[in-house]
Amino acid sequence: MIEIKNLTKRFGQNLVLDNISFSVAKGEILGFLGPNGAGKSTTMRIITSFWTPTSGQVLIHGLDTAEDSLAARKNIGYLPETVPLYEDMRVFEYLKFIAEIRGLSKSEIKGRIKEVVSICGLRKVLRQPIEELSKGFRQRVGLAQAIMHRPDILILDEPTTGLDPNQIVEIRDLIKTIGREKTVIFSTHILSEVSATCDRVIVFNNGRIVGEGRPAELVEKYGSLEQAFRELTK
């Protein structure tokens with residue numbers, strides 16, 4: 001479903017990604033793990049076509065994102081670390097706006113909004129201004145906009161950053177629910193999220209992939225995810 005081949009990204013003389021390659025299977029929940037500046041967000045931004053690579057290739061369903069960017073992006077829902085919300089809108093207005101710019105027909109917009117509201121647990125805040133929402137509900141609205149157009153792939157950059165423990169559990173469970181039907185890539189600093197949510201994890205450090213495998217495999221090899229993270233990113 002997703003193929004990353006020899007991906008490199010430079011900003012001037014600064015090498016941010018150093019010739020990384022990996023693939024993501026259909027229906028897989030893949031976690032990106034690594035310290036700040038390791039290359040996780042850069043990789044996500046290139047996959048979603050927000051940034052172009054210096055060299056290398058990204059294939060989405062066989063579509064080269066450099067050559068068929070618009071067609072490839074139709075398959076992707078993206079939630080960046082800073083959620084793209086218009087705070088002066090009410091939740092329903094914002095979701096209707098997203099549905100319209102995603103090209104849903106007038107006849108299906110109402111029904112699709114109802115579906116994503118149910119999936120993301122937004123019914124009780126549907127008429128509230130976004131600026132009045134808690135961080136947890138803002139993340140839910142962000143997830144709702146990411147799945148509005150029924151993408152096959154979800155890219156979620158630090159979706160639980162800044163949430164309290166209860167909200168983290170709620171968003172984690174929501175990701176697992178959505179992941180039953182979609183391919184998901186998400187980044188995190190929280191090791192418990194990896195073991196609770198991911199089918200597989202890729203560990204980044206200094207723009208390179210320094211380790212990968214199922215959480216259980218990393219635990220078996222290093223003794224714990226914490227130890228695996230320390231060893232691979234030192």
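These legends go with a set of close-up views of a predicted model.

**View 1. A four-stranded open sheet with antiparallel pairing.** Reading across, the strands come in the order β2-β1-β4-β5. The edges belong to β2 (14–24) and β5 (63–64); each has a single partner strand, so one side of each is left without a neighbour in the sheet. Helix α1 (residues 40–47) packs on this sheet, where it touches β1 (2–11), β2 and β4. The direction of α1 makes about 65° with that of β2.

**View 2. Where β4 meets β5.** Zooming in on one edge of that sheet, we find strand β4 (residues 55–60) running antiparallel to β5, with two bridges joining them. Which residue of β5 does Ile60 face? Look across from Ile60 and you'll find Leu63.

**View 3. Thr8 and its surroundings in strand β1.** Is Thr8 buried or exposed? Its relative accessibility is 11%, and buried means under 20%, so Thr8 counts as buried. Leaving aside residues up to four places away in sequence, Thr8 touches Leu15, Leu17, Asp18 and Asn19, and also Pro53, Thr54 and Ser55. With Asn19 there's a polar detail to pick out: a polar atom of the Thr8 side chain sits 3.1 Å from the backbone nitrogen of Asn19.

**View 4. Ser41, a helix α1 residue with a polar partner.** Ser41 is found in helix α1, and at 18% relative accessible area it is buried. What does the side chain of Ser41 make a polar contact with? The partner is the side chain of Asp157, at 2.7 Å. For orientation relative to the previous view, Ser41 and Asn19 are 22 residues apart along the chain, and their C-alpha atoms are separated by 16 Å.

**View 5. Two residues with positive phi that aren't glycines, Ser49 and Arg150.** Ser49 sits in the loop between α1 and β4, and its phi is about 70°. Arg150 belongs to the loop between α5 (135–147) and β7 (153–157), with a phi of about 60°. Their accessibility is worth a look too: Ser49 is buried, with a relative accessible area of 18%, while Arg150 is partly exposed, at 39%.

**View 6. A six-stranded open sheet with mixed pairing.** Here the order is β6-β7-β8-β3-β9-β10. At the edges stand β6 and β10 (208–213), each with a single partner strand, so one side of each lacks a neighbour in the sheet. Ignoring direction, neighbouring strands are turned by 15° against each other on average.

**View 7. The β7 and β8 pair, with helices on the sheet.** Five bridges link β7 and strand β8 (residues 183–188), which pair in the parallel sense. Which residue in β8 is the bridge partner of Leu156? That's Phe186. Helix α5 packs on the sheet, touching β6 and β7, and the direction of α5 makes about 160° with that of β6. Helix α6 (residues 165–179) packs on the sheet as well, touching β3 (29–33), β7 and β8. Between the directions of α6 and β3 the angle is about 140°.

**View 8. The largest pocket and its lining.** How much space lies in the largest pocket? It comes to about 520 Å³. The lining takes in 17 residues, and those lying nearest the centre are Phe50, Arg73, Ile76, Arg102 and His149. Elements giving two or more residues to this lining are α2 (69–73), β6 (76–79) and α3 (91–101). Helix α3 gives the most, with four residues.

**View 9. The largest cavity, with a lining that draws on β4.** One cavity of 30 Å³ or more is counted, and the largest cavity holds about 30 Å³ of space. Which residues line the largest cavity? The lining is made of Pro53, Gly56, Gln57, Val58, Asp64, Thr65 and Ala66. Strand β4 supplies the largest share, three residues. Pro53, for its part, has already turned up in View 3, among the residues that Thr8 touches.

How values were computed:
Residues are numbered from 1 along each chain as its sequence is written. This is a predicted model: local features need pLDDT of at least 70, side-chain atom pairs count only at pLDDT 80 or more; totals for chains, interfaces and linings use all residues. Side-chain values use heavy atoms; hydrogens and water are left out. Two strands pair if DSSP finds at least two bridges between them. Contact means heavy atoms within 4.5 Å. Axes are lines fitted to C-alpha atoms, for helices over the stretch in contact, and angles run from 0 to 180 degrees between N-to-C directions. Buried means under 20% relative accessible area, exposed over 50%, partly exposed in between (1.4 Å probe, protein chains only). A polar contact is a pair of N or O atoms within 3.5 Å; within protein, one must be able to donate a hydrogen and the other to accept it, and residues adjacent in sequence count only if both atoms are side-chain atoms. On a 1 Å grid over the protein atoms alone, a cavity is a set of points where a 1.4 Å probe fits but cannot get out, and a pocket is an open set with protein on both sides within 12 Å along at least five of seven lines; lining residues have an atom within 4 Å of a point. Grid points are joined across faces, edges and corners, and a volume is the space filled by probe spheres set on the points.
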